[in-house]
Amino acid sequence: MSAEMVSRLHALLLPLGVLTGLLGAPGCSPLIYLASGGGPDEVQPLGVDAPVLGTTHGSHDDYAPRCAGAEETPDAAYALEVRRAGRYLVGVQADFDAVVAIYDGDRLLACNDDHEVARRAQVIVLLEARRRYIVVVDGWGGDEGRFELAVHARDTESTAVDRDLQPNSAPQAEDVAALEARCSSAESLAPGRTEGVLIPSESHAVVGCGAGGRGPEAVYRVEVDRPTRLDVEITSELDAVVELRRGCSTGHQVLACVDDAPDPMHTGLSADLLPEESYFLIIDSYAVDAGGTFEIEATFTLRDGPQDSPQDSPQVSPQDSPQDTP
């Protein structure tokens, strides 16, 4: 037998040997392993309405989203491209305390831990068509295990998706008239620090994460006169949820909704804003009737010029990236 034939034979037998080892390995599910793409540290493709099974067990800690805690935790990464621009819900259900995050390059767009329960997480994000995003499944505080990850178009399938990811949630209805009135008189969000308070009687909005934001909320108008990056960080004495909308209530679109990043008392989001649009930032409460104080740190960064805010106040915004520590 020639050396070339021996080389080809080895190339054929090696994958078979690896698979045989997997089938015989105690405590290892070959179905989960194969569904996750064949090993850790690979960025695998992820499609809309095409759930995937995976596991973070045995993977490296390649990403450190801010809502996953400070401990080193294995993660799994997926590449996502959508054909149509719009709002998408990215959700994970797992047998461990799971975290889901989505990156645009090295910038963290959204991150969530504990949607209703510790084993579910979801984010709602506005995605551009034909742009490559990275979806990361991580674990809180070192936790790891198996999961199911799914992406759905929020605009067309919100009812079905919400029922799947929130099986124990009762339907909620937004008080459109009351919220529209509050939006019309809302103060504009200014660069820098803003302090506020949630009053238990002022509960009208239903946000897209954090169980709908069952408690009271505060509303801020966000205005820009040039294409601008908005970064907000929330510190509160309650379990706060933050949502950015295009429009107020009737016909509004959720651009981003984030809860617990990195813990119930801290959260935040980032978004690109256009001057011709109308935006509203909603600070809501996860728990029913849970009022309290909060603080917003807002940074406005021009996308096509110097690092100045629309109000000509210089603001520099740190960006979350893989291996950043919260």
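Which strands does helix 4 (residues 176–184) lie across? In this predicted model, where residues are numbered from 1 along each chain as its sequence is written, local features need pLDDT of at least 70, side-chain atom pairs count only at pLDDT 80 or more, and totals for chains, interfaces and linings use all residues. Side-chain values use heavy atoms, with hydrogens and water left out.

Helix 4 lies across strand 12 (217–222), strand 14 (240–246) and strand 17 (279–285), and runs at about 50° to strand 12. Helices (H or I, at least four residues) and strands (E, at least two) are DSSP runs, numbered from the N terminus. Axes are lines fitted to C-alpha atoms, for helices over the stretch in contact (heavy atoms within 4.5 Å), and angles run from 0 to 180 degrees between N-to-C directions.

Strands 12, 14 and 17 belong to an open sheet of nine strands, in the order 2-9-4-7-15-14-17-12-10, with mixed pairing. Strand 2 (52–55) and strand 10 (187–188) each have a single partner strand and stand at the edges, so one side of each is left without a neighbour in the sheet. Two strands pair if DSSP finds at least two bridges between them. Strand 7 and strand 15 are joined by two bridges in the antiparallel sense; I124 has C257 in strand 15 as its bridge partner.

A further open sheet has four strands in the order 11-18-13-16, and its pairing is antiparallel. Its edges are strand 11 (192–198) and strand 16, each with a single partner strand, so one side of each is left without a neighbour in the sheet. On average, neighbouring strands here are turned by 20° against each other, direction ignored. Strand 13 (residues 228–236) and strand 18 (residues 292–302) run antiparallel and are joined by nine bridges. I296 in strand 18 is the bridge partner of I234.

The second largest pocket holds about 410 Å³ of space. A pocket is an open set of points on a 1 Å grid over the protein atoms alone, where a 1.4 Å probe fits, with protein on both sides within 12 Å along at least five of seven lines; lining residues have an atom within 4 Å of a point. The volume is the space filled by probe spheres set on the points, which are joined across faces, edges and corners. Of the 21 lining residues, L126, L127, E128, A271 and D272 are the closest to the centre of this pocket.
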